[in-house]
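I opened this entry to look up how the two chains meet, and I note below what I checked, in the order in which I checked it.

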Number of protein chains: 4
Amino acid sequence: MNAPTGRLAGYQAWEGGTDPFEDYAGPYFFKKMEDGSIKCAFEALPHHCNGGGFLHGGSLMTFADYALFALAGDVLDGPGVTVSFNSEFISAVGSGNLIEATGEVVRNTRSMVFVRGQVFCGDDTLLNFSGVIKRIRK
Amino acid sequence: MNAPTGRLAGYQAWEGGTDPFEDYAGPYFFKKMEDGSIKCAFEALPHHCNGGGFLHGGSLMTFADYALFALAGDVLDGPGVTVSFNSEFISAVGSGNLIEATGEVVRNTRSMVFVRGQVFCGDDTLLNFSGVIKRIRK
Amino acid sequence: MNAPTGRLAGYQAWEGGTDPFEDYAGPYFFKKMEDGSIKCAFEALPHHCNGGGFLHGGSLMTFADYALFALAGDVLDGPGVTVSFNSEFISAVGSGNLIEATGEVVRNTRSMVFVRGQVFCGDDTLLNFSGVIKRIRK
Amino acid sequence: MNAPTGRLAGYQAWEGGTDPFEDYAGPYFFKKMEDGSIKCAFEALPHHCNGGGFLHGGSLMTFADYALFALAGDVLDGPGVTVSFNSEFISAVGSGNLIEATGEVVRNTRSMVFVRGQVFCGDDTLLNFSGVIKRIRK
């Protein structure tokens, strides 16, 4: 995948391989900020929306599941699977917007990584989420 | 959308309108069983999978979010939005499988519908989920 | 603790040790039904309630956390800790009622046990819950 | 209830009435910080623990349910009930510790308040939680 441009300039795709559903439902991107935090982003398009013209809950949750792993990336350092995922839907926006996600690793243990974050659009929080990733052996 | 065939024969699409992301990420179908319960289904395809070849968590959660509304359909009887969605990832399967979901309305109040369900493949439960739908005025 | 009587006749306490907070916030009891399923119970007393006279959310969640382990008991077969706990509050009742919980092990893996269940009072569901227990080494 | 002293000096109890289970399972306290944020606290005692000597999950969740309302207090401005509560158990501590909670209102709508927060002990996060409170008419 080529480096993204426009509002997504500065963001990057996963190195070392593609994830078919993330490419299909996104594509999603991330970047490391100067303070070391991770920001994720994608462009909301009409096919990401529900019948009411707002971003579908599944679209937001798929992006958040991507963000879980982007946020956990540095400490995960290997393959993992989502064990649990919780979310609250805070507000709704339509296509044409840049959708972003930030968050933090709450704790990194030998077997699991706990992450929480939020998906937002400008100043509006869209989704509040938390998840547990379980390390799996390579 | 034409009536589905093959393993999806007997299932149907939403009446009265399409949902762009559900058509794109699915398509998803549902049917009312003889006992009045609702079953949802979709065919797992390669583009629904993650880099490891298993159904992506976002694919399962998008299907579950569809199922929330299919399960709530009879009692919801109008538009609604997901307020909260919780899930545990139980096991993983790859493409080529028929993925189904069942569940139940736990309670139907004046303002909200509480739903829980499971996504499965044959005898294997893939996702355990629950959600709260808030009624919105038409 | 003596065997419970009255509405709790037939229920039993944990064997092999006490759990201070469960004794204090309950006490809670369980029994194995003829079909092999587990039912948990406690008597709702005035000090279990909130300022409005309804069972406090924390009381219901503490009972549900107890129920997670009672439901997982046979397959857990050793110590474990709750990793995640999700719940929806379905309806409310006051003191003087017998509160029960049932549920099921959704999956038992080498490292974790997935459980879901419901707390109810008579025909009314009070709490819908799910949780993940992680096995810990003895 | 008298004003708390010792490590809890500066904290206060709810004005205008008591909550039997919070007094019984706590007691819990809160204070408004100089930056306007809310901090909650209680003293972990032996009867708050499980059989392993660590704070019981139900104790942490009951405190977090109290914190939901303390955090939402200013914007809630009236009675409310918890609709959903999600949590991840991050780490464990025993009795003798001061347990605190902080968090934030994610969004305040006409009908609901969305809150997220964390329970911690010193530098250790014990519980990550989020919840939805529904306003009810007085």
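I looked first for the bridge partner of A:Asn86 in strand 3 of chain B, and found B:Asn86. I then followed the pairing outwards: strand 3 of chain A and strand 3 (residues 80-89) of chain B run antiparallel and are joined by 5 bridges, where strands are DSSP runs of E of at least two residues, numbered from the N terminus, and two strands pair if DSSP finds at least two bridges between them.

I kept in mind that this is a predicted model, in which local features need pLDDT of at least 70 and side-chain atom pairs count only at pLDDT 80 or more, while totals for chains, interfaces and linings use all residues. Residues are numbered from 1 along each chain as its sequence is written, chains are lettered from A in the order in which they are written, and side-chain values use heavy atoms, with hydrogens and water left out.

Next I took the contacts (heavy atoms within 4.5 Å) and noted that 28 residues of chain A touch 28 residues of chain B. The buried area (accessible area, 1.4 Å probe, lost on putting the two parts together and summed over both) is about 2300 Å², with 60% from carbon and sulfur atoms. Of the area that chain A buries against chain B, I noted that A:Phe21, A:Tyr24 and A:His56 supply 28%, more than any other three residues.

Finally I looked for salt bridges (a side-chain nitrogen of Lys or Arg within 4 Å of a carboxyl oxygen of Asp or Glu) between chain A and chain B, and the count is 0.

Methods: Helix = DSSP H or I, 4+ residues; strand = E, 2+ residues; numbered from the N terminus.
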